[in-house]
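Here is a short tour of one chain, written to be read with the model open beside it. Take a look at the fold, then follow the headings below.

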Amino acid sequence: MAFKDQTFQERGALAAKAKQAALDKLRAKPPIDEAVAAERARAAAAKAEEVARLSAEKKAAREQAAADKKAAKELAIAEQAARDAAAAEAAKPYKPALPSEAEMKAARDARYAARKARK
């Protein structure tokens, strides 16, 4: 038996048969029950709500993590600034505070009064 090529008409008829078989199969399905359709719709809505809730929770967690990271970074910067200020203060040479002229005059007057009191 040798293979025989199909003609254009045979291929067209075969395609039409396949199309008709698919249509018959589709028509043979029972109609969708309204209760089943409503239940499917409720299930889809519940799933959509759950997905939205999870998405919102994830978004809030990401925002919280970002805020925590930013706060930790700001705290680290503030601590570094405090350490730098303390190091700069420690690096300054000691300079005793010189008394003002009024303080020096008051001390001199006190010594003078003490000397007079001893005599």
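## A starting point

In which helix does Lys116 lie? Lys116 belongs to helix α3, which covers residues 101-118. Please keep in mind that this is a predicted model, and every value below is computed from its atoms.

## Overall shape

Let's step back to the whole chain. It holds 3 helices and 0 strands, and reading along the sequence gives the pattern α-α-α. Two of the helices carry the salt bridges described further down: helix α1 spans residues 8-28, and helix α2 spans residues 34-91.

How does the radius of gyration of the chain stand against that of a compact globule of 119 residues? The chain has 47 Å, while such a globule would have a value near 14 Å. Along the principal axes, the C-alpha trace spans about 150 × 50 × 20 Å.

## Surface and charge

What share of the 119 residues is buried? Buried residues make up 0% of the chain, where buried means under 20% relative accessible area. The accessible surface comes to about 11,400 Å², and carbon and sulfur atoms account for 63% of that area.

As for charge, the chain has 27 positive and 18 negative side chains. The centres of these two sets lie 8 Å apart.

## The positive patch

Now back to Lys116, which has company on the surface. Together with Arg108, Arg111, Arg115, Arg118 and Lys119, Lys116 forms a patch of positive charge there. Is Lys116 itself buried, exposed or partly exposed? Its relative accessibility is 46%, so Lys116 counts as partly exposed. That value fits the patch rule, because members need over 30% relative accessible area and no salt bridge.

## A salt bridge in helix α1

Side chains of opposite charge can pair when their charged atoms come close. The count of salt bridges in this model comes to 6, and a few of them deserve a visit.

One of them links Arg27 and Asp24, whose closest N and O atoms are 3.9 Å apart. That distance qualifies because the cut-off is within 4 Å. Arg27 and Asp24 are 3 residues apart in helix α1, so about one helical turn separates them. Arg27 is exposed, with a relative accessible area of 61%, whereas Asp24 is partly exposed at 41%.

## A network in helix α2

Moving on to helix α2, which residues meet Arg53 in salt bridges? Glu50 is one partner, with an N to O distance of 2.4 Å. Glu57 is another, and the closest N and O atoms of Glu57 and Arg53 are also 2.4 Å apart. Through their shared partner, Glu50, Arg53 and Glu57 are joined into one network.

The spacing along helix α2 is worth following in the viewer. Glu50 and Arg53 are 3 residues apart, about one turn of the helix. Glu57 and Arg53 are 4 residues apart, again about one helical turn. As for accessibility, Glu50 is partly exposed at 36%, Arg53 is partly exposed at 39%, and Glu57 is partly exposed at 43%.

Technical notes:
Residues numbered from 1 in each chain as written. Predicted model: local features only at pLDDT ≥ 70, side-chain atom pairs only at ≥ 80, totals over all residues. Heavy atoms only, no water. Patch = residues over 30% accessible without salt bridge, like charges linked within 9 Å, V, L, I, M, F, W, Y side chains within 5 Å. Areas by Shrake-Rupley, 256 points an atom, 1.4 Å probe, with all protein chains shown as cover. Salt bridge = Lys/Arg side-chain N within 4 Å of Asp/Glu carboxyl O. Lys, Arg positive; Asp, Glu negative; His and termini not counted. Charge placed at Lys NZ, Arg CZ, Asp CG, Glu CD. Buried < 20%, exposed > 50% of the residue type's maximum accessible area, 1.4 Å probe, protein only. Rg over C-alpha atoms; globule rule 2.2 N^0.38 Å.
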